[in-house]
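Take a look at the model below. Begin with the fold as a whole, then zoom in on a single side chain.

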Amino acid sequence: MKLFLASSFDKTIKIFEKKLSTSISGKKVIFIANAADKHATDTWWVRADREAFVKYGCNLAEIDLRNISESDLEKLLNVSDIIHFCGGSVLYLSNLIKEKGLSNIIIDQVRKGKIIYSGTSAGSIIPALDLKLFHFDSEEKEYVDVESIKDFSGLGLVNFLILPHTNNIDFVDANTVVVRHLPEFSQPVLFLYDNQAVWVEGDKFEIVESD
């Protein structure tokens, strides 16, 4: 099992390639931007991830989870090297995956090492066991009805939760609200700067960073 959980993937893709110990040029990437579905403004972070992959010579298959079946996703997973989830709303993305019944096939393929998981921000948060901490994120409330959510479970691929963008002034307010509620949760939380990522291989992980 291999996961690359970045705060900002475009700033750390060089490390991703280094951890794989091989060029990612020519790799087939399932590119999923659904976390930004509800964002009305320019989703520049999605474009940044896309451009990073293209720059490194990857072949992208951009899919919309709202319009794909579990069987079609499984077929795509079987012929791809990487599944990448962009940033946006954590709870919207997590609930969409559950509503479409796609959780099990993603979890199974990643755990068996058949596909490498990469993410930016929200895409790096959802592999956690429990996402309820983001119930308190004021920005999440702009995109989902957090009070109606009954299941806050994540994909459960890792036993920690990532709090991204902790050195980014634009996220200070949102992150501060989340941090205030840390004593209510037992799940370990990793604070990541935008030039950092968590590399998971098997049952071990390390925090890596770009210059």
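What follows moves from the overall fold to one residue.

This is a predicted model. Its secondary structure comes to 7 helices and 9 strands. How does the radius of gyration fit a compact globule? For 211 residues, such a globule would have a value near 17 Å; the protein has 16 Å, so the two agree. Along the principal axes, the C-alpha atoms fill a box of roughly 45 × 40 × 35 Å.

Sequence separation adds to the picture. Take the contacts with a separation of 6 or more: 80% of them are between residues 24 or more positions apart. Of the 211 residues, 51% are buried. The protein exposes about 10,000 Å². Carbon and sulfur atoms supply 48% of that area.

Now the charges. There are 23 positive and 31 negative side chains. The centres of these two sets lie 5 Å apart.

Next, go to Gln-196. This residue lies in strand β8, which covers residues 196-201. Is Gln-196 buried or exposed? Its relative accessible area is 11%. The cut-off for buried is under 20%, so Gln-196 counts as buried.

What does the side chain of Gln-196 reach? One partner is the backbone nitrogen of Tyr-193, at 2.8 Å. Another is the side chain of Glu-209, joined to that of Gln-196 by a polar contact of 3.0 Å.

Glu-209 also appears among the contacts of Gln-196 once neighbours within four places in sequence are left aside. That list further holds Ala-6, Ser-7, Thr-12, Phe-191, Ile-207 and Val-208.

Definitions and conventions:
Residues numbered from 1 in each chain as written. Predicted model: local features only at pLDDT ≥ 70, side-chain atom pairs only at ≥ 80, totals over all residues. Heavy atoms only, no water. Helix = DSSP H or I, 4+ residues; strand = E, 2+ residues; numbered from the N terminus. Rg over C-alpha atoms; globule rule 2.2 N^0.38 Å. Buried < 20%, exposed > 50% of the residue type's maximum accessible area, 1.4 Å probe, protein only. Contact = heavy atoms within 4.5 Å. Areas by Shrake-Rupley, 256 points an atom, 1.4 Å probe, with all protein chains shown as cover. Lys, Arg positive; Asp, Glu negative; His and termini not counted. Charge placed at Lys NZ, Arg CZ, Asp CG, Glu CD. Polar contact = N/O pair within 3.5 Å; in protein donor to acceptor, adjacent residues only side chain to side chain.
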